[in-house]
Structures are given as structure tokens and as C-alpha cells.
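Please open the structure in your viewer and keep the selection panel at hand. The stops below are meant to be followed in order.

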Amino acid sequence: MSKTLFDKVWDSHVVRKIEDGPDVFFIDRHFIHEVTSPVAFLGLKARGVKVLYPERTFATADHNTPTINQHLPVEDALSANQLKALEDNAAEYGISHWGLGHIKNGIVHVVGPENGITLPGATIVCGDSHTSTHGAFGAIAFGIGTSEVEMVLSTQCIMQPKPKKMRINVNGELSKGVGPKDVALYIIAQLTTSGGTGYFVEYAGDVFENMTMEGRMTVCNLSIEMGARGGMIAPDQKTFDFLEGRLYAPKGEAWDKAVAYWKTLKTDDDAVFDAELNINAADIEPMITYGTNPGMGIGITKHIPNANQVEGGEETYKKSLAYMGFQEDDVMIGKPIDFVFLGSCTNGRIEDFRAFTEIVKGRKKADNVTAWLVPGSHVVEAQIKEEGLLDILTEAGFVLRQPGCSACLAMNDDKVPAGKYAVSTSNRNFEGRQGPGSRTLLASPIMAAAAAVTGKLTDPRELF
């Protein structure tokens, strides 16, 4: 029987099928961080249960870590307690822990791939919705709740109903200035934030085949924002080249055996999907969001739609625009902005900093803009320095911060003030996501760079 990539990975991890119920599903890799793991460990202790496979669990501090002065004690008491709990729990249960100051510390969905923990054909979970990032390697990866974190720690399994399957094909050539983030935001705008509900998505076509691994991670990261359980891309030579030689990747004969298996992880020609979407790459331009969910996005040259042009209730739509201070039929180009955030598990990798730097090179940061440039890990931070990007950024008036989730969800001090506009390379623009009353405009690193040097929303193609 012909199978999709998703079927091949899912079916090989089912421990037991429950009639008219969920599958008992084995998990290869479990990532934990300081926010969603403490209560799970309390549950283990209350039941007197150990972590079944500590070697399959990896802990890093990222969500509410400061992005300056990480050598000093964390001032926020709640954050400090959560970080200490992660450290203590990892030590007690024999789990690898990369805390503040550790050379491998960084955002969980950045450090996993760069250390070769993320592998094709693996099943990966984390108490974080953007675990879908790891699907870029041909893995099944999805976020779980705290009770499920406890379940995986104690049994290395989870109970999950098998999602339906969707394939999104994007073929053709992307226009200049259009990158992976724009592709993802365009797809979400077409499907809306609920269009992928109940599905696991496979991304296919020329555009994804030509995309870098960093770009594929950005796309898979945003799968959750259209309601999907996750997203994945079939592994290929780019995947293998990215992983070879990394810390946790197989070595020697084990590598050769692994690659031979990974090459089988692709959808059979006559496999059937429950839904399929075809997109012409030429239709995508640099994207910007204008509302309070990731599906409210348009090309930078377009006007904000009228209520009768979008799905959903008119009252809710107008409430969203009122929160953002925008009106129907507004033009986005030229709107002033206050903050720029480059970072997060969506766009905190070296490729994102290269793209941002390419635009700001030879220019200066606009005086009205506060910019937070936050690498996704210490590895990325080191690359920024080694490649000379930091010198260019410093000359342009920017300051590089230390790794962490930062202003993506404002759980630390990196909060956008009420009423201020932030062009953000992160993944969510909900009300108050980047700080109470903050207004978030999701965009690519190139779009963020254009706004940072002009002080307003600018078509980045004008700056090439």
C-alpha cells in the first residue's frame, strides 16, 4: 500500500493501536525547557516515578531568560525559580542540561538541529507549540501540554489520534526579496489560522526543494499558525549535508546505514492526501501582517482588506484593526514603526542575520527605532562574530543581544510598550503577545531590516 512521508514515520512509531481511540505513540526525542517542565517533574515525584529514558530527553533554558547580562543572577524571581528547577530536575534525573552560560545554550528549536539531535524519521515532542520546526528534517514533531510532558518523561510514549494529511505544493521561482518567511505567511493568509486544523502538512515542490535547511525550519515552524498539528519536508542531500558530523548525529557505519534509511523517507508517487493545495511561487511578494493573528497578512504593496473580503465576523475583524490602529483599505507602506525584533525559533538562525545584515550594510538604524537583535543560540552568536556580521551591524548602530526567546513572547524584560509598533520576525501577533498593549507586525528578516533603517514599513525590494 502506498504511503505518504507522514504515514511512513507515524506508522513505524505506533506501539499499540486503540480501537476507536488514539495510538500509543513512541517518542524518539523529548525537548524540555524551564516553563512547561517543572509541574511535570512535580507529577513524577508525587507518583514516585523515574524518567524512563533520560538519554532521549534534552533540556535547555530559553523562554524567560534575559538577553543581556546573562552572567548575573536573574532578577525576576519567577524566572529564576523556573531556571533553578530545570537545572535541579535535570541533575536529579540524569538529563542533559544546557543552562544559561553553557556554550550550547539557546532556543530549544535552534539547538536541537544544530547539535544533530533532530534527525530524519524521528518523532519529537516538546512542551512548546513551535516544535513543528523540526519537521524540516523529515521528522514528525509537535508541541504537547504539561501533563503530556509528564507522560513522555515517564513512559517515552504519548497517546495521540493520527491526524489527517495535507500536502502544500509551491512551485516556480520566488521573486527577489521573497524568502521562506514570506512563503509561510502567504500560505497562512490563504488558508487562515484554522485552515490546517486536524492535519499534518507535508510541504513539497520546487520552492522547498531549493530552500536551505534554515528556510525549511522557518516554514515548518509556522505550520502551527494555520492550525496544523505540524509540518514536514522530505529529507534530501541538503538535510544529510547539514547533519553530517554534528554532535548527536550517527557516525561511521551508523551514518551510512542511517542515510540509506533516510533516503526512503519520501511520499510514494501514488500516495493519497486528504487535502492538497497548489501555489504559484510568482504570486508571493514580501509579506506583512496587519492584524492580530498570523493569517491577517498581505503583500507589502497591497491594501488592508475590507471586512467583506475576509472570512470571519465583521465585528471581530474591526476589533482587530482597532487594536492595531489601522483601517480597512489602508496602505501598509510608509506606516511608522517603533521596534524591530530579529530572532526567535522562527528567524534566529545565522541565515536570518545574514539577510538582515545585507540590507543594513552601509546604512544606519533609524533614530526612532529600538532594535533587539537576538541570536537563537551561542553557536549562532559566534557565527555572527566570525563572519564579520557584528562589525557591520555595529557600524549601522545596532547592538547584538544574547541568546533566548526574547521578545517573541515577552516572558523576560524584552517587552514592547503599549501602543508601540514592532516589526517582528517571530511567529505570533496576538494582542499583547510582545507586551501588554503592544502591536506586532510579523515579517521576514529582510522586511525587518528595511523597517529598521527607514523607521517605517518599506518595500525591501527598493533597498537592493
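The tour of this predicted model visits a helix, an annotated site and the nonpolar cores.

**Stop 1: helix H11**

Select residues 314-324, which form helix H11. Which residues of this helix are buried? They are Tyr317, Ser320, Leu321, Tyr323 and Met324. Now look down the axis of H11: the buried residues fall within an arc of 160°, so they line one face of the helix. The general rule behind such a pattern is that an α-helix has 3.6 residues a turn, so residues three or four places apart point the same way.

Next, turn to the face of H11 directed away from the buried side, where Glu315, Lys319 and Ala322 are exposed. To see what covers the buried residues, add strand E17 (421-424) and strand E18 (439-442), which are included in that cover. Finally, select Gly325, which follows H11 and has a positive phi, near 75°.

**Stop 2: the annotated cysteines**

Select Cys345, Cys405 and Cys408, which an unreviewed UniProt entry annotates as "binding site". These residues span 64 residues in sequence, yet no two of their C-alpha atoms are more than 8.7 Å apart, so they gather at one spot.

Centre the view on Cys405, in the loop between helix H15 (389-395) and E17. Is Cys405 buried or exposed? With a relative accessible area of 7%, Cys405 is buried, because buried means under 20%. Leaving aside residues up to four places away in sequence, Cys405 touches Asp62, His63, Ile107 and Phe341.

Move to Cys408, which also lies in the loop between H15 and E17. Cys408 is buried as well, at 6% relative accessibility. With residues up to four places away in sequence again set aside, its contacts are Phe341, Ser344, Ser426, Asn427, Arg433 and Gln434. Display Phe341 in particular, since Cys405 touches this residue and Cys408 does too.

**Stop 3: the nonpolar cores**

Select Ile168, Ile187 and Tyr203, which touch the most other members of the largest nonpolar core, a set of 71 residues. Add helix H6 (residues 180-191), which supplies the largest share of this core, seven residues.

Then show the surroundings of Tyr203. Not counting residues up to four places away in sequence, Tyr203 touches Ile168, Ile187, Phe208, Val219, Cys220, Ser223, Met226, Gly231, Met232 and Ile233.

For the last selection, pick Val416, Ala422, Ala443 and Leu457, which are among the 59 residues of a second, separate core.

Key: Residues numbered from 1 in each chain as written. Predicted model: local features only at pLDDT ≥ 70, side-chain atom pairs only at ≥ 80, totals over all residues. Heavy atoms only, no water. Buried < 20%, exposed > 50% of the residue type's maximum accessible area, 1.4 Å probe, protein only. Helix = DSSP H or I, 4+ residues; strand = E, 2+ residues; numbered from the N terminus. Arc of directions from axis to C-beta. Contact = heavy atoms within 4.5 Å. UniProt positions renumbered as here; feature names shortened; annotations may be inferred. Core = buried A, V, L, I, M, F, W, Y, C linked by side-chain atoms within 4.5 Å.
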